[in-house]
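Here are a few short exercises to work through with the model open beside you. Try each task before reading its solution.

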Amino acid sequence: MGLVLARIDQRLIHGIVVTQWAGATKAKRLMVVDDEVSKDEVQKAAMRMSKPAGTGMSIIDVETAITNFNNGKYDSHNVFMIVREPETLIRLVEGGVKIPKVNIGIIFDGEGKETVKKMVSVDQKERADLKKLEAMGVPVTFHFVPGDQEESLATYIK
């Protein structure tokens with residue numbers, strides 16, 4: 001199967017991901033792709049403790065993800081990928097990783113950001129990156145939990 005869904009969620013591995021999204025995607029591997037977190041042993045250990053039984057977990061940097069996907073390492077897995085920033089997904093696609101769909105979960109509010117939907121605030125770069133992903137042929141939707149209705153990017157970001 002390979003990659004079944006990528007989610008932008010700045011909390012990375014947390015309750016909703018583990019209890020709802022892992023099951024909804026039939027994930028056999030949860031994958032966090034983040035250059036900083038992949039080097040932080042404390043954060044990695046905390047995330048691994050929440051891994052559902054029978055599910056693999058990878059916490060890797062972008063270059064390792066590109067190499068592993070392009071070498072077919074995850075071809076026999078159902079991978080659910082979580083990233084913090086849209087830019088990470090652009091780098092993956094540019095590196096040859098086939099992303100079937102992007103789900104926007106949580107992007108925190110902050111200086112220079114506009115709240116476009118509950119739990120999602122974007123700055124100009126994030127807005128442009130999300131549009132670029134769609135222009136690259138990757139469907140981008142807002143979908144907080146599996147039971148919610150999926151909404152297109154254009155619903156909130158024009």
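A pocket here is an open set of grid points with protein on both sides within 12 Å along at least five of seven lines, and its lining residues have an atom within 4 Å of a point. Helices are DSSP runs of at least four residues, numbered from the N terminus. Keep in mind that this is a predicted model.

**Exercise 1.** Describe the lining of the largest pocket.

Solution. Start with the volume, which is about 150 Å³ for the largest pocket. Next, list the lining: Val33, Asp34, Asp35, Glu36, Val62, Arg84, Glu85, Glu87, Thr88 and Arg91. Sorting these residues by type gives 2 nonpolar, 1 polar and 7 charged. Finally, ask which element gives the most to this lining: helix 4 (residues 86–94) does, with 3 residues.

**Exercise 2.** Work out how helix 3 (residues 62–70) is packed and how its N-terminal end is capped.

Solution. First find the buried residues of helix 3, namely Val62, Ala65, Ile66, Asn68 and Phe69. Then look at their partners: they pack against strands 1, 2, 3 and 4, and against helix 4. At the N-terminal end, Asp61 is the cap, with a side-chain oxygen 3.2 Å from the backbone nitrogen of Glu63. Just after the helix, Gly72 takes a positive phi of about 80°.

**Exercise 3.** Judge how compact the whole protein is.

Solution. Begin by counting 5 helices and 9 strands. The radius of gyration is 15 Å, close to the 15 Å from the globule rule for 158 residues, so the protein is as compact as a globular protein of that length. To finish, note that buried residues make up 49% of the 158 residues.

Notes: Residues are numbered from 1 along each chain as its sequence is written. This is a predicted model: local features need pLDDT of at least 70, side-chain atom pairs count only at pLDDT 80 or more; totals for chains, interfaces and linings use all residues. Side-chain values use heavy atoms; hydrogens and water are left out. On a 1 Å grid over the protein atoms alone, a cavity is a set of points where a 1.4 Å probe fits but cannot get out, and a pocket is an open set with protein on both sides within 12 Å along at least five of seven lines; lining residues have an atom within 4 Å of a point. Grid points are joined across faces, edges and corners, and a volume is the space filled by probe spheres set on the points. Helices (H or I, at least four residues) and strands (E, at least two) are DSSP runs, numbered from the N terminus. Ala, Val, Leu, Ile, Met, Phe, Trp, Tyr, Cys and Pro count as nonpolar, Asp, Glu, Lys and Arg as charged, and the others, Gly among them, as polar. Buried means under 20% relative accessible area, exposed over 50%, partly exposed in between (1.4 Å probe, protein chains only). Contact means heavy atoms within 4.5 Å. A polar contact is a pair of N or O atoms within 3.5 Å; within protein, one must be able to donate a hydrogen and the other to accept it, and residues adjacent in sequence count only if both atoms are side-chain atoms. The radius of gyration is taken over C-alpha atoms; the globule rule is 2.2 Å times the number of residues to the power 0.38.
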